[in-house]
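Open the model in your viewer with the cartoon on, and keep the selection panel at hand. The stops below go from one selection to the next.

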Amino acid sequence: MTVRSISILGATGSIGASTLDLIRRERDKWRVVALTAHSQADELARLALEFSAEIAVVADESCLPELRNALAGSQVEVAGGATALTQAAGRGVDITVAAIVGCAGLEPTMAAIEQGGTVALANKEALVSAGEVMIAAVHRSGATLLPVDSEHNAIFQCLHGHDVADVRWITLTASGGPFRDWSMAQLAAATPKQAVKHPNWDMGAKISVDSATMMNKGLELIEAFHLFPVGLERLRIIVHPQSVVHSMVEYRDGSTLAQLGPSDMRVPIASALAWPLRMDTPCAPLDLADIGELTFRATDEVRFPATRLARQAAQAGGAMPAVLNAANEVAVAAFLAGKISFVRIAAMADEVLGRYAPAAPTSLAEVMAVDARARLHAQDLLELA
Ligand code: NAD
Ligand code: MG
């Protein structure tokens, strides 16, 4: 039996926990190298001990003493700060699960890509921001980029063995989020607590808010644009409230291939971990008779303008997706902190896109600079309000 080495960036998050749950079930097949977190030193230390990690890293350096304490006397190396995080991500491993939330995950994800191993990508914001720069790094290093996002993992599976030139449509499904059927007036009064309560999926706070605004699907449209080179005009979005069909590919002969499964991220994570083979998961089998009905409907870009903004940003190309992503990250954080209303999130993203149009970045440093400036523009809007 071959033992594979793995690093998990964002080990304490929702995707991190699902990944470690799969590893725990076949402990002898994996050697855990780096586990990282933002600031949850205690939880990270607990995981590092359980999985005998080589190194544990907290991005927030002020949490390093706590991590050091918690791991004193163990074999686990400890480190803190952004540079240490990127260095740990650059340790050669067979597979890295990139599961940090937001553009904060970009530098470590790029470091993992530069290693030339397999990168299982959950951190969509990194790909949305860096776009061509990240894809070029994948080609340069020979890394294998496997999508973990359930829609993209579904599309990846449906495209396998086929020619992208034969694709007529790629259709991303969207649950529609917790506010799918809410009126404009209800949306205007939506609270953070309501927004993070997703009907089908159990996820981190940021992506849950993105699902409620549909910005998640907007970011996923841009993610698909970079992962699957069929052209923006062949990418569509359809609302599918049951989240059973995770996405579809229609070919020019009229055949549509879809991937179905339970709403459990351990399914796409397992697909990436075992690719091109398969592995066991504890997920409940799909019981279609019990589910009964699968329904579909068009998106409503009046109530949920985020997918329109994302399509515009992708069409404009260059730096605009990074601007959109940064503005959205600032707006979501402000909404979660009770500073702005729910409908202001997409409005802010729209306004920042209108006032800041930098040149297309050609390097990681330039992407980071675009991201930083776009955040300042978004902060300005917050202060004006
Ligand atoms: P989460 O908030 O549950 O976890 C995020 C992880 O990143 C944590 O380990 C946290 O410590 C770490 N982190 C946060 N900020 C950081 C920073 N500034 N520097 C370094 N580390 C930091 O998020 P999640 O729901 O697990 O999502 C992770 C990524 O996966 C996101 O990009 C999300 O869009 C994507 N994704 C998640 C799901 C899901 O079901 N949760 C599904 C598809 C895609
Ligand atoms: Mg998704």
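Select helix 4, residues 82-89, together with strand 1 (4-9), strand 2 (30-37), strand 3 and strand 4: the helix lies across these four strands. Against strand 3, helix 4 runs at about 145°. This is a predicted model, and the stops that follow should be read as such.

Now add helix 5, residues 106-114. Helix 5 also packs on the sheet, where it touches strand 1, strand 5 (95-98) and strand 6 (118-121). The direction of helix 5 makes about 150° with that of strand 6.

Hide the helices and look at the sheet alone. In what order do the seven strands lie? They run 4-3-2-1-5-6-7 in an open sheet, and the pairing is parallel. Color strand 4 (77-80) and strand 7 (144-147): these are the edges, and each has a single partner strand, so one side of each is left without a neighbour in the sheet. From one strand to the next, the twist averages 20°.

Zoom in on the strand 4 edge. Strand 3, residues 55-58, pairs with strand 4 in the parallel sense, over four bridges. To see one bridge pair, select V57 and its partner in strand 4, A79.

Stay in this region and select C63, which sits in the loop between strand 3 and helix 3 (64-70). Is C63 buried or exposed? Its relative accessible area is 9%, under the 20% limit, so C63 counts as buried. Show the residues around it: apart from neighbours within four places in sequence, C63 is in contact with S39, A41 and V58. For a distance label, pick the C-alpha atoms of C63 and G80; they are 7.5 Å apart, although the two residues are separated by 17 residues along the chain.

Last, center on the magnesium ion (ligand 2). Which residues supply its protein donors? They are D149 (OD), E151 (OE) and E220 (OE), at 2.1 to 2.2 Å from the ion. Along the sequence these donor residues follow the spacing D-x1-E-x68-E. Color helix 8 (residues 150-159), which holds E151, and helix 12 (residues 215-227), which holds E220; the pair therefore ties together parts that are 69 residues apart in sequence. Switch on a surface for the two glutamates: E151 counts as buried at 8% relative accessibility, and E220 is buried too, with a relative accessible area of 1%.

Note on methods. Residues numbered from 1 in each chain as written. Chains lettered and ligands numbered in written order. Predicted model: local features only at pLDDT ≥ 70, side-chain atom pairs only at ≥ 80, totals over all residues. Heavy atoms only, no water. Pairing = 2+ DSSP bridges. Helix = DSSP H or I, 4+ residues; strand = E, 2+ residues; numbered from the N terminus. Axes fitted to C-alpha atoms, helices over the stretch in contact; angles between N-to-C directions. Contact = heavy atoms within 4.5 Å. Donors = N, O, S within 2.8 Å, 3.2 Å for Na, K, Ca; no water. Buried < 20%, exposed > 50% of the residue type's maximum accessible area, 1.4 Å probe, protein only.
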